[in-house]
Amino acid sequence: MANKTNPGNFFEDFSLGQVLVHATPRTVSEGDISLYTALYGSRFALQSADTVAQSLGYPGAPLDDLLAFHMVFGKTVGDISLNAIANLGYADGRFHAPVYPGDTLRTTSEIIGLKENSKGTSGVVYVRSTGINQHGEIVIDYVRWVMVRKRDPQSPAPDTVIPQLPDCVALENLIVPSELDVSQYDITDAGGVHLWQDYTLGERIDHVDGFTIEEAEHMLATRLYQNTAKVHFNQHIQKDSPMTRRLVYGGHIMSLARSLSFNGLANAQWVAAINAGRHVAPSFAGDTIYAWSEILDVLELPGRPDIGALRLRTIATKDQPCGEFPDKNDAGDYHASVVLDLDYTVLIPRRM
Amino acid sequence: MANKTNPGNFFEDFSLGQVLVHATPRTVSEGDISLYTALYGSRFALQSADTVAQSLGYPGAPLDDLLAFHMVFGKTVGDISLNAIANLGYADGRFHAPVYPGDTLRTTSEIIGLKENSKGTSGVVYVRSTGINQHGEIVIDYVRWVMVRKRDPQSPAPDTVIPQLPDCVALENLIVPSELDVSQYDITDAGGVHLWQDYTLGERIDHVDGFTIEEAEHMLATRLYQNTAKVHFNQHIQKDSPMTRRLVYGGHIMSLARSLSFNGLANAQWVAAINAGRHVAPSFAGDTIYAWSEILDVLELPGRPDIGALRLRTIATKDQPCGEFPDKNDAGDYHASVVLDLDYTVLIPRRM
Amino acid sequence: MANKTNPGNFFEDFSLGQVLVHATPRTVSEGDISLYTALYGSRFALQSADTVAQSLGYPGAPLDDLLAFHMVFGKTVGDISLNAIANLGYADGRFHAPVYPGDTLRTTSEIIGLKENSKGTSGVVYVRSTGINQHGEIVIDYVRWVMVRKRDPQSPAPDTVIPQLPDCVALENLIVPSELDVSQYDITDAGGVHLWQDYTLGERIDHVDGFTIEEAEHMLATRLYQNTAKVHFNQHIQKDSPMTRRLVYGGHIMSLARSLSFNGLANAQWVAAINAGRHVAPSFAGDTIYAWSEILDVLELPGRPDIGALRLRTIATKDQPCGEFPDKNDAGDYHASVVLDLDYTVLIPRRM
């Protein structure tokens with residue numbers, strides 16, 4: 001009569017090169033899309049309307065990139081981060097193929113780095129996770145690293161391996177959806193007049209609006225993604241934690257920020273890469289999330305005179321409008337309001 | 001490097017005859033229907049079951065009329081009412097064609113009237129908005145008027161034009177869905193025994209039940225409709241407003257009242273027209289919404305011995321049961337509990 | 001001009017053998033499934049992925065059994081329990097046929113027992129409710145009994161008839177879905193290594209995790225099921241009740257407990273029967289629900305060497321982790337934290 005419940009993996013359970021096939025394949029549906037719209041108010045036209053998607057060469061509206069990301073990510077939690085202390089960062093995230101209603105997503109992860117912390121009570125696990133659809137095609141892959149508790153502080157430390165990770169997905173590694181044809185692109189449908197040429201390096205955009213988070217909202221979202229991290233759901237436990245409250249899943253903030261970014265980046269229809277990301281501080285129900293973005297790079301795409309890329313840094317804050325672009329100070333410390341610092345690359349039509 | 005964010009239109013940005021094509025076409029889905037059911041508990045049989053809809057001549061269950069209305073309405077906010085002070089009224093709203101899952105809705109608006117207010121700081125904009133499906137068919141059109149701030153109080157006033165609007169959509173302008181065949185109508189499925197003949201002019205019906213509104217609910221609804229009005233979402237700003245709280249989208253109250261009206265009007269399967277409507281007072285999370293209805297007219301439909309129409313006035317209140325029909329007093333002032341006064345026309349089978 | 005609103009049935013309105021055809025057929029959809037996932041975080045693989053379902057012989061992923069149950073149950077409320085004082089118990093519940101998106105569910109009920117209470121102000125109604133799909137196939141049937149107010153305490157008592165009900169659905173009455181073929185069953189997809197052989201009579205499993213309930217969540221759920229019981233929705237009334245708060249629909253707790261039970265029973269893919277059930281105490285928003293299960297029986301299924309059954313008793317608590325298995329004491333009184341005691345039978349693959 002073995003213990004039947006899943007204690008999750010601890011730091012010493014991971015080994016370099018280990019591959020984990022995560023549980024619970026998930027068929028995504030129009031219901032997931034509706035909930036995503038209800039949770040974030042997303043208005044990017046490609047994901048909102050089949051007619052728009054078809055005019056751009058797609059068979060129908062694909063899922064919002066970040067919705068697919070959360071679905072892929074959620075599956076990893078039970079094996080990777082159930083005993084995590086902190087989710088430290090993201091790198092090298094690429095969106096390979098669009099995800100459509102009816103697709104079934106699965107996720108596998110490979111351990112690509114390990115580093116025990118100096119105290120010997122925990123360690124950092126570097127993991128590349130790959131989301132695959134029912135055709136065996138990669139839809140998303142990304143690296144994250146996470147600090148995980150040890151079960152037994154006496155267990156020996158593994159050899160330290162820190163993977164080489166790019167600061168940014170290189171231009172030659174960016175994936176432009178092959179179906180994408182912007183010859184019929186309609187800026188009126190899209191809701192914004194600014195195209196690739198209109199953005200300049202270093203430009204900063206205040207996305208103006210703010211969304212206040214409710215407990216029911218972030219829990220609905222996080223369960224929709226089948227993300228099982230306890231800290232999001234159990235106030236009876238959390239009330240006795242240093243936070244005293246349930247933590248909002250970091251990906252919820254990413255989606256709120258992406259949705260807010262419509263106001264200023266309405267034509268940035270496709271997220272092509274997540275270059276880096278950091279959940280700078282936790283968010284809680286009652287926080288109002290604002291966001292601003294900086295144009296980190298304006299990139300031509302080889303062979304695509306019709307589309308360009310923007311490398312963006314989007315900062316999300318809580319209870320702090322972003323007209324003055326709250327950021328790090330000279331000492332490298334973030335403004336107290338900052339909760340997310342996300343570096344990602346979007347595709348956007350060019351004016352021809 | 002132009003400002004990239006959308007400031008919305010101000011009063012002086014509108015001109016008579018101006019046509020606005022609103023952003024973000026939206027493919028509606030079964031997911032939207034499920035959320036609508038979860039938000040309002042709607043039980044009208046035509047919209048609840050494909051089998052019922054098919055027995056009535058439809059290819060499948062259409063969206064609830066008001067769900068389609070909110071989708072069409074939501075698109076107008078970014079262009080029409082982002083700088084609105086108040087949504088003043090509705091008129092001449094007609095439901096032309098059923099909306100089905102898979103349909104894509106777009107909205108255009110024409111400015112049909114303008115009147116600067118005496119202080120010169122704002123003005124009333126009259127707009128006819130038209131929702132169109134992917135076949136180019138009109139699904140809904142309606143007029144609303146809204147008080148919009150001026151950007152610059154010094155800008156000149158336009159000529160005053162106040163459109164002629166009907167008090168009520170005239171009988172000859174009511175649209176009866178051509179597919180509609182009630183020869184198989186089943187009052188047991190529908191959940192009510194009272195048909196057209198059973199309602200009398202001046203009759204008043206207390207809908208008995210009440211729904212308490214939560215912040216998460218009205219925000220999920222309003223984002224589902226891609227309605228971007230800031231006052232619904234941002235407590236960080238609203239806490240410093242005279243209201244101190246987020247306002248509930250007025251259409252949320254319309255849908256709650258329509259859902260409550262099932263208890264007494266279960267066979268009123270189709271909303272055919274919105275004759276007039278006024279959001280008498282704001283609603284907030286924590287309010288419990290009740291409703292009652294008055295039969296304003298009992299109308300025969302030419303050539304349709306099987307169906308009749310009822311012109312209804314539905315009053316929604318907050319924190320006030322409606323057994324005593326709270327209404328205006330003799331001075332024309334509303335009872336303090338009233339939040340909505342909606343005049344609309346429904347279609348209902350006749351006993352043959 | 002008759003009263004148009006539905007007062008519900010009172011105890012004296014029921015008669016032995018009476019059949020009630022309940023209102024509002026409901027076509028279930030992928031939207032309902034997404035909402036169910038968002039509300040409960042369910043992770044059983046059969047219901048999560050079409051690919052998994054197809055590998056097990058199904059045409060696609062069926063609805064979670066309890067989602068179908070709530071849909072069938074919800075329809076009965078308006079006729080059976082609008083004037084109920086308490087929902088006393090369940091028995092003899094069987095899941096006959098899988099329910100798929102696109103199916104339309106209807107419910108009928110037969111009165112199978114009546115017993116007036118000694119005070120003469122109320123009585124117990126025993127009812128067998130049957131959910132039917134659009135093909136006329138039974139999908140679910142179950143018995144519940146409920147205490148219902150009398151309209152008139154002077155009305156005569158009916159003859160007392162208490163139906164013979166099984167303590168448990170007998171092995172020979174359990175329905176194993178005929179499509180079910182576990183030859184391709186994948187425990188990695190399913191997320192758990194423990195199969196039928198691994199469970200032992202009397203074993204107890206703490207499901208570890210907890211979910212805190214929000215008002216918006218239980219109301220969204222209950223409306224999704226078109227369950228109209230007033231106590232769940234109207235704080236304006238409930239604030240003056242002995243509870244002072246809205247009650248959570250008991251079925252919401254059942255689904256939370258079933259979802260929590262994944263941690264320990266991940267391969268228990270199918271609920272085949274509800275043997276008995278009691279809502280021991282009410283739950284409210286703010287409660288954190290935990291659960292534990294006891295293996296009441298380990299059953300071989302005749303002719304099915306590939307699948308077995310487990311009869312389970314799942315106890316849900318509020319604000320009480322279940323590591324010490326809170327239960328009844330020797331006097332038969334429940335631990336103060338217990339809110340649900342559910343006896344049901346699940347199907348689970350056998351190791352061959």
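At what angle do helix 6 of chain A and helix 1 of chain C pack, and how far apart are their axes? The points below start there.

This is a predicted model, in which local features need pLDDT of at least 70, side-chain atom pairs count only at pLDDT 80 or more, and totals for chains, interfaces and linings use all residues. Residues are numbered from 1 along each chain as its sequence is written, with chains lettered from A and ligands numbered from 1 in the order in which they are written.

1. Helix 6 (residues 215-224) of chain A packs on helix 1 (residues 30-40) of chain C at about 115°, and their axes are 6 Å apart. Axes here are lines fitted to C-alpha atoms, for helices over the stretch in contact, and angles run from 0 to 180 degrees between N-to-C directions. Helices are DSSP runs of H or I with at least four residues, strands are runs of E with at least two, and both are numbered from the N terminus. The angle makes helix 6 of chain A roughly perpendicular to helix 1 of chain C (angles under 35 degrees count as roughly parallel, over 145 as roughly antiparallel, 65 to 115 as roughly perpendicular and the rest as oblique).

2. The crossing of helix 6 of chain A with helix 1 of chain C is right-handed (the near helix is turned clockwise from the far one by less than a right angle; anticlockwise would be left-handed). Helix 6 of chain A contributes Leu220(A), Arg223(A) and Leu224(A), while helix 1 of chain C contributes Ser34(C), Thr37(C), Ala38(C), Leu39(C) and Tyr40(C). Two residues are in contact if their C-beta atoms, placed from the backbone, lie within 7 Å. By class, this contact of helix 6 of chain A with helix 1 of chain C holds 5 nonpolar, 2 polar and 1 charged residues (Ala, Val, Leu, Ile, Met, Phe, Trp, Tyr, Cys and Pro count as nonpolar, Asp, Glu, Lys and Arg as charged, and the others, Gly among them, as polar).

3. Between chains B and C, the axes of helix 1 of chain B and helix 7 (residues 215-224) of chain C come within 6 Å and cross at roughly 115°. Helix 1 of chain B is thereby roughly perpendicular to helix 7 of chain C, and the crossing is right-handed. Ser34(B), Thr37(B), Ala38(B), Leu39(B) and Tyr40(B) of helix 1 of chain B meet Leu220(C), Arg223(C) and Leu224(C) of helix 7 of chain C.

4. The whole interface of these two chains brings 41 residues of chain B into contact with 34 residues of chain C. Helix 1 of chain B gives the most to the chain B side, with 9 residues. That side divides into 14 nonpolar, 16 polar and 11 charged residues.

5. A turn of 120° and a shift of 0.0 Å along the axis lay chain B on chain C with an RMSD of 0.0 Å (copies are superposed by least squares on the C-alpha atoms of residues with pLDDT of at least 70 in both). This is the relation of a three-fold axis. Gly31(B) has the C-alpha of chain B nearest the axis, 2.2 Å from it. Only 15% of the interface residues of chain B are also interface residues in chain C, so the copies meet through different surfaces.

6. Within chain A, the domain assignment gives domain 1 (1-28 + 63-165) and domain 2 (168-352), with bounds from an automatic or database assignment. Their C-alpha centres lie 22 Å apart. The contact takes 23 residues from domain 1 of chain A and 23 residues from domain 2 of chain A.
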